[in-house]
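This briefing introduces a structure to someone meeting it for the first time. Please look over the sequence and the structure before going on to the points below.

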Amino acid sequence: MSKVNVVLGTFYGDEGKGKIIDYLSEKADASIRCSGGNNAGHTINVNGKKYAFHLIPSSILNENTKAIIGNGVVIDPKVLIEEIENLKSNGHKVENLYISDKAHIIMPYHIMMDRLQEELRGSRKIGTTARGIGPAYSDKFERSGIRVEDFISSNFESIARENIENKNKIFRLYKKEELDVDSTIAKYKEYANYLRKYVVDSVDMIHDMLENNKKIVCEGAQATLLDIDFGNYPFVTSSNPTIGGVCTGTGIGPKYIGEVYGVLKAYSSKVGEGLFMTEQNNEIGDKIRELGHEYGTTTKRPRRCGWLDLVALKYAARINGLTGLAINHVDTIGKLDKIKLCVAYEYKGKNTMRFSTNNEYLKECTPVYEEFEGNFGDISNVKKREDLPINAQNYLNRIEEIVGVPIKFIGTGAGRENMIIVD
Ligand code: GDP
Ligand code: IMO
Ligand code: MG
């Protein structure tokens, strides 16, 4: 039976999932984005050129691989069209893109609502990407969302009119600017006309491929600690970026799932608010940020940086049933003289490996660190794990030992070629 390999984020996003998908999809027949929307920013570097994808699967440059936006995704059509046009202007054909008829559309009122909700939260704001993600998923579950199949049909106008008028009542209440009904509908009809040719019955397409033994990889967006159920609620996104979201976001049942690769960096980063146990809000954090170029792909915000947290990683391994780890930025951490690794939390005088998203529990925990030697030197062209300098090997071995999941990929630089594939 054909098995579907999955790539998921293990921390707070931006671990380098795009790079791993770019690599894996080269040998696959299709790749599928499962959840999230253009809150994601997945970067790949090919021949010195940098591409940032927000909605289009990171496999798109492999033109023989079908790139499918799955039903679990929320799509801002304007952003998607910009991404397609951008690829075209760089000489890419974009004929391998497919959009699920069951994905949901982000409308302008979702973006306006995202901003309004953050304003109302005041000091308890989440620090969302302000892309309308939460409100679009809320409408999906509240059953007033607009599916792609409706977006491209003659039903669109009446559904959109009713929705915009309802949302305007809320904006009026809060004395916010209202959305013009007719011009919004006209603009979105144009977007629908542009995107119509990419729309498919993704469930049927995916299962036809599986029945014909085609190879599929799934691209997670966001990450485990941003999961609506398993993350640091409320400082999370509004979807399930964990393994369950892969099944519901594509229509692929668990029996098809093969390898589940958890992507992490050799350190940690986070954007937005919320607890971050190993954060280094100091010179070390600043140094990691500069060395790793840790500024958001989507919002350009400086990312909060800190040490790698194996308690949280073990949690991600449990939740997702990880079968392999992909560790990026080993080159970056190796530029430091000394590296710290969080190997446990101290809770009420005892060391524990228990992670919980209960903020009260986390506030009582203190990270326990082990220190490692850095100065890995230039490892960007190393192709075998055993050829890495001993300091790098010691660090990686300890991660593997504590988490109990084998390392399958080691990132040694931002480029497509800067990667060690572990046998
Ligand atoms: P994603 O959202 O998980 O796909 O990750 P992002 O693209 O938002 O952030 C990862 C960043 O790290 C990007 O700028 C990548 O080009 C870069 N990157 C990925 N792997 C490596 C690595 O092994 N070394 C270095 N130096 N950069 C990397
Ligand atoms: P990729 O796929 C990093 C964060 C936001 C915010 C919280 C909620 O590139 O790893 P949202 O707009 O989703 O309602 O914001 O989630 N967030 C991400 N952080 N990488 C991402 O995606 C993210 N997607 C959402 O910063 O804290
Ligand atoms: Mg990102």
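Which residue has a polar side-chain atom that lies 3.2 Å from an oxygen atom of ligand 1? That residue is Lys19, whose polar side-chain atom and the oxygen atom of ligand 1 are separated by 3.2 Å. The protein buries 93% of the 580 Å² that ligand 1 exposes when taken alone. The model is a predicted one, and the points below take up ligand 1, ligand 2, the magnesium ion and two individual residues in turn.

**Ligand 1**

- The shell around ligand 1 is made of 20 residues, of which Lys17, Gly41, Thr43, His329 and Asp331 come nearest.
- Two further contacts involve oxygen atoms of the ligand: one such atom is 2.8 Å from a polar backbone atom of Lys17, and one is 2.9 Å from an N or O atom in the side chain of Asp14.
- Among the elements of the chain, α1, β3 and α12 (330-333) each contribute at least two residues to the shell around ligand 1.
- Sorted by class, the shell around ligand 1 holds 13 polar residues, six charged residues and one nonpolar residue.

**Ligand 2**

- Around ligand 2 there are 19 residues, and those that come nearest are Asp14, Lys17, His42, Thr129 and Thr237.
- A polar side-chain atom of Thr237 is found 2.6 Å from an oxygen atom of ligand 2, while polar backbone atoms of Gln222 and Val271 lie 2.8 Å and 3.1 Å, respectively, from an oxygen atom of this ligand.
- On its own, ligand 2 has 550 Å² of accessible area, and the protein covers 98% of it.
- The shell around ligand 2 divides by class into ten polar, six nonpolar and three charged residues.

**The magnesium ion**

- The magnesium ion, which is ligand 3, has Asp14 (OD) and Gly41 (O) as its protein donors, and these lie 2.0 to 2.1 Å from the ion.
- This pair links distant parts of the chain, since Asp14 is in the loop between β1 (4-9) and α1 (17-25), whereas Gly41 is in the loop between β2 (30-33) and β3 (42-46), with their positions 27 residues apart in sequence.
- Asp14 counts as partly exposed because its relative accessibility of 23% is above the 20% under which a residue is called buried and does not exceed the 50% over which a residue is called exposed.

**Gly41 in its surroundings**

- Gly41 is placed in the loop between β2 and β3, and it is counted as buried because its relative accessible area of 10% is under 20%.
- Apart from its neighbours within four places in sequence, Gly41 is in contact with Asp14, Phe53, His54, Thr297 and Thr298.
- Gly41 and Leu396 stand 355 residues apart in sequence, and the distance between them in space is 26 Å, taken from C-alpha to C-alpha.

**Ser202 in its surroundings**

- Ser202 belongs to helix α8, which covers residues 202-211, and with a relative accessible area of 1% this residue is buried.
- The side chains of Ser202 and Ser100 make a polar contact with each other at 2.8 Å.
- When neighbours within four places in sequence are left aside, the residues in contact with Ser202 are Ile68, Ser100 and Asp101.

Note on methods. Residues numbered from 1 in each chain as written. Chains lettered and ligands numbered in written order. Predicted model: local features only at pLDDT ≥ 70, side-chain atom pairs only at ≥ 80, totals over all residues. Heavy atoms only, no water. Near = heavy atom within 4 Å. Polar contact = N/O pair within 3.5 Å; in protein donor to acceptor, adjacent residues only side chain to side chain. Areas by Shrake-Rupley, 256 points an atom, 1.4 Å probe, with all protein chains shown as cover. Nonpolar A, V, L, I, M, F, W, Y, C, P; charged D, E, K, R; others polar. Donors = N, O, S within 2.8 Å, 3.2 Å for Na, K, Ca; no water. Helix = DSSP H or I, 4+ residues; strand = E, 2+ residues; numbered from the N terminus. Buried < 20%, exposed > 50% of the residue type's maximum accessible area, 1.4 Å probe, protein only. Contact = heavy atoms within 4.5 Å.
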